[in-house]
Amino acid sequence: MAAATEPVAAGSGLAGEMEVEAYRRLFPLAFLERHLRESVRPDARRPAEARPTTVALGAVSSTHGSALVRLGDTAMLASIKLEVMSPPAESPDEGSVAVEFHMPPICSPLVRPGRPAEAAPVISKALEDVLMSSGMLNLKELCLISGKASWLAYLDICCLNADGSLFDAALISAVAAFTHLEIPLVSVGDDGRVFTVGGNEGKTKFELVNREKRKLTLGDIPFSLTCALHKDSVLADPTSEEESIIETSVTVVVDSSDRLVSIQKLGGVVTSMAAIKECISLAKERRHKLKEILTDSVEAMEVDQTE
């Protein structure tokens with residue numbers, strides 16, 4: 001039986017391609033290990049190499065902030081809508097953030113219509129924990145009138161295509177959406193109700209609480225990298241195929257100052273400290289690249305607005 005996991009020499013042309021694909025489907029682990037022995041992955045990446053990543057700000061014009069992120073074939077659309085709310089009694093001078101991660105059936109054949117994806121609430125909670133614990137958001141900036149009115153930011157992230165490293169793609173899309181977020185103008189009516197004001201006419205007609213539209217001042221921004229661990233190999237940014245084969249994964253979150261925000265290990269066997277340290281090192285390298293991509297997307301948006 002052991003011999004069955006080793007492919008025979010593939011022929012040339014279409015027949016050879018079909019033979020390789022059949023072996024890949026029948027023996028996925030052996031197929032992966034055969035590549036890893038050559039320090040390469042089935043998609044031609046090196047083990048420590050992440051997939052190409054793009055960030056497009058302002059993808060949804062009907063929201064106050066949005067971003068479309070592609071991480072290889074994984075695609076995420078993040079949007080933020082602001083609503084005025086009464087602040088909680090324990091924090092009268094702060095706003096709030098609500099995070100929701102969605103996985104509709106279009107994103108993966110594994111997600112069935114009418115059945116919520118099991119991963120969705122887990123990723124929602126993890127995203128909210130990281131955004132709140134990283135110090136990126138100062139909730140006091142979402143306050144309008146202390147004790148009376150503040151902003152509630154609804155962050156919705158929709159997975160358009162799920163091809164691995166969903167948390168990583170969701171986090172960068174959330175960060176990008178908050179980078180793009182613009183706080184609208186608001187005024188207070190005679191009845192004490194706070195409402196948004198639009199256009200130049202509104203600026204002169206109503207007494208404004210905030211004189212100008214503004215961006216949030218973001219603190220240390222969190223970036224993450226998920227690594228799949230198989231024997232002595234550490235595979236950065238695994239695809240859905242690799243995640244289905246490899247049981248052990250580690251997600252490392254570091255902020256823009258290279259401080260460790262969180263480490264989460266999912267499934268598999270006990271992981272060595274050497275492997276954890278390698279994951280942290282790769283996450284810090286990845287952080288530099290993601291910050292550069294985010295900065296470039298902001299500059300590209302500013303250029304578009306001036307043209």
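Me: What makes the lining of the second largest cavity free of charged residues by class?

Reply: In this predicted model, that lining has seven nonpolar, two polar and no charged residues. The lining residues are Val97, Met136, Leu137, Asn138, Leu139, Leu142, Leu216, Thr217 and Leu218. Asp, Glu, Lys and Arg count as charged, and the class count for this lining therefore has no charged residues.

Me: Why is this space called a cavity?

Reply: The name applies because a 1.4 Å probe fits there but cannot get out. The second largest cavity has a volume of about 40 Å³, and the structure holds two cavities of 30 Å³ or more.

Me: How do you know which classes of residue line the largest cavity?

Reply: About 60 Å³ of space lies in the largest cavity. Its lining comprises Thr53, Leu71, Asp168, Ala169, Ile172, Ser224, Leu225, Asp237, Arg286 and Leu290. Asp and Arg count as charged, so Asp168, Asp237 and Arg286 are the three charged residues of this lining. The remainder divides into five nonpolar and two polar.

Me: Which element gives the most to that lining?

Reply: α4 does, with three residues. β11 (222–230) and α7 also give two or more.

Me: What makes the largest nonpolar core a core?

Reply: A core is a set of buried residues of listed types, joined through side-chain atoms within 4.5 Å. Of the 56 residues here, Phe101, Met103, Leu127, Leu155, Ile157 and Phe178 touch the most other members. α4 (166–180) supplies at least two residues of this core and gives the most, with 11 residues. Apart from this core lies another, of 14 residues, among them Leu225, Ala236, Val254 and Leu282.

Technical notes:
Residues are numbered from 1 along each chain as its sequence is written. This is a predicted model: local features need pLDDT of at least 70, side-chain atom pairs count only at pLDDT 80 or more; totals for chains, interfaces and linings use all residues. Side-chain values use heavy atoms; hydrogens and water are left out. Buried means under 20% relative accessible area, exposed over 50%, partly exposed in between (1.4 Å probe, protein chains only). Helices (H or I, at least four residues) and strands (E, at least two) are DSSP runs, numbered from the N terminus. On a 1 Å grid over the protein atoms alone, a cavity is a set of points where a 1.4 Å probe fits but cannot get out, and a pocket is an open set with protein on both sides within 12 Å along at least five of seven lines; lining residues have an atom within 4 Å of a point. Grid points are joined across faces, edges and corners, and a volume is the space filled by probe spheres set on the points.
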